[in-house]
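Welcome, and please open the structure in your viewer. We will go from stop to stop, selecting a few residues each time and looking at what is there.

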Amino acid sequence: MPNNPIPASANNPADAFTRLLTVLDTLRTQCPWDKKQTMETLRHLTIEETYELSDAILDGDLDEIKKELGDVMMHLVFYARIASETNDFNITDVLNGVCDKLVNRHPHIYGDVEVENEEDVKRNWEQIKLKEGNKSVLAGVPSSLPALVKAARIQEKARGVGFDWEDKNQVWEKVEEELQEFKTEFNVADNTAIDIEKAESEFGDVLFSLINYARFININPENALEKTNKKFIKRFQYLENKAKENGKALADMTLSEMDVYWNEAKKI
């Protein structure tokens, strides 16, 4: 017989959330693993769960998205449970805090501010954050974000206060300018020594300008690159499998031989 009754499934959001809180409270006080966890030990697990959610979203797997959302939700409740033990804050404080913030940052919904479009909303959002005490528009960009995501967020934040190109043609001209500068100075066709530090800096400029252009045409660069990664993996694994079926090892095949399978994968 179990030591504790299993909380019954709920039929509405409030009861379901209460059920999660009850389960977490029980695990925190009775499970040896859960009792040992701290915010620091959970951190890397939360990051992992977030990436798993991201993968499910890109795969369009709704069942997996539902599962991963539950995992992330559990982690959020766990952090609040740990904080409540030292009387720093609890889940009620967390939920009220985010609701207060949303109300305050949407004066066009909960106040008398008028907006015409999404850009007005973003601009108001950034101005309100500055009034709340942020010293910089860019202060809200986490320093630990992956560089590609961080570049996109930096540009979005700057746009929110009007610091941006006027149209996408200007941005594409910048892309071409950066590409040409990089090609001219670091052309692999010649054999001159390359200043790696300088080349890295210039290559960063190329990527930053491409991310900027992607933003102007409503492409999420992180999603775009990850979809290309997944596409490459799928095609490469097809190449590996076909080579194995034919008793060949990739290391012993010529590039032309591998291209046959690669082109088959592209058609599939």
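In which helix does Leu95 lie? Select Leu95 and you will find yourself in helix α5. Before going further, keep in mind that this is a predicted model.

**Stop one: a patch on the surface**

Stay with Leu95 for a moment. With a relative accessible area of 38%, Leu95 is partly exposed, because partly exposed covers the range between under 20% (buried) and over 50% (exposed). Now add Met39, Phe89, Val94, Val98 and Leu102 to your selection: together with Leu95 they form a nonpolar patch on the surface. The accessible area of these residues together is about 430 Å². Which helix gives the most to this patch? Colour residues 91-104, and you have your answer: helix α5, with four residues.

**Stop two: a polar contact**

Next, select residues 118-131, which make up helix α7, and pick out Asp120 there. Is Asp120 buried or exposed? Its relative accessible area is 19%, so Asp120 counts as buried. Now show the side chain of Arg123 as well: a polar contact of 2.9 Å joins it to the side chain of Asp120.

**Stop three: aromatic rings**

How many aromatic pairs does a search of the whole structure find? The search finds five. Start with Phe182 and Phe186, whose ring centres are 5.3 Å apart; their planes meet at 45°, so this pair is tilted. Phe182 is partly exposed, at 22% relative accessibility, whereas Phe186 is buried, at 8%.

For another pair, select Phe232 and Trp262. They are tilted too, with 5.2 Å from centre to centre and 55° between the planes. Look at where each ring sits: Phe232 belongs to helix α11 (residues 221-245) and Trp262 to helix α12 (residues 255-267), so the pair ties together parts that are 30 residues apart in sequence. Phe232 is partly exposed, with 45% relative accessibility, while Trp262 is buried, with 19%.

Now return to Phe182 and Phe186 and add Phe203 to the selection. What do these three residues form? Phe182, Phe186 and Phe203 make one aromatic cluster.

**Last stop: a charge over a ring**

Finally, select Phe216 and Arg159 together. Where does Arg159 lie? Turn the view until you look across the ring of Phe216: Arg159 lies over its face, 5.6 Å from the ring centre.

Methods. Residues are numbered from 1 along each chain as its sequence is written. This is a predicted model: local features need pLDDT of at least 70, side-chain atom pairs count only at pLDDT 80 or more; totals for chains, interfaces and linings use all residues. Side-chain values use heavy atoms; hydrogens and water are left out. Patches are made of residues with over 30% relative accessible area and no salt bridge: like charges are joined within 9 Å, nonpolar side chains (Val, Leu, Ile, Met, Phe, Trp, Tyr) within 5 Å. Accessible areas come from the Shrake-Rupley method with a 1.4 Å probe; for residues, only the protein chains shown count as cover. A salt bridge is a side-chain nitrogen of Lys or Arg within 4 Å of a carboxyl oxygen of Asp or Glu. Helices (H or I, at least four residues) and strands (E, at least two) are DSSP runs, numbered from the N terminus. Buried means under 20% relative accessible area, exposed over 50%, partly exposed in between (1.4 Å probe, protein chains only). A polar contact is a pair of N or O atoms within 3.5 Å; within protein, one must be able to donate a hydrogen and the other to accept it, and residues adjacent in sequence count only if both atoms are side-chain atoms. Rings of Phe, Tyr and Trp (its six-membered ring) pair if their centres lie within 6.5 Å; planes under 30 degrees apart count as stacked, over 60 as edge-to-face and the rest as tilted. A charge sits over a ring if NZ of Lys or CZ of Arg is within 6 Å of the ring centre and within 35 degrees of the ring normal.
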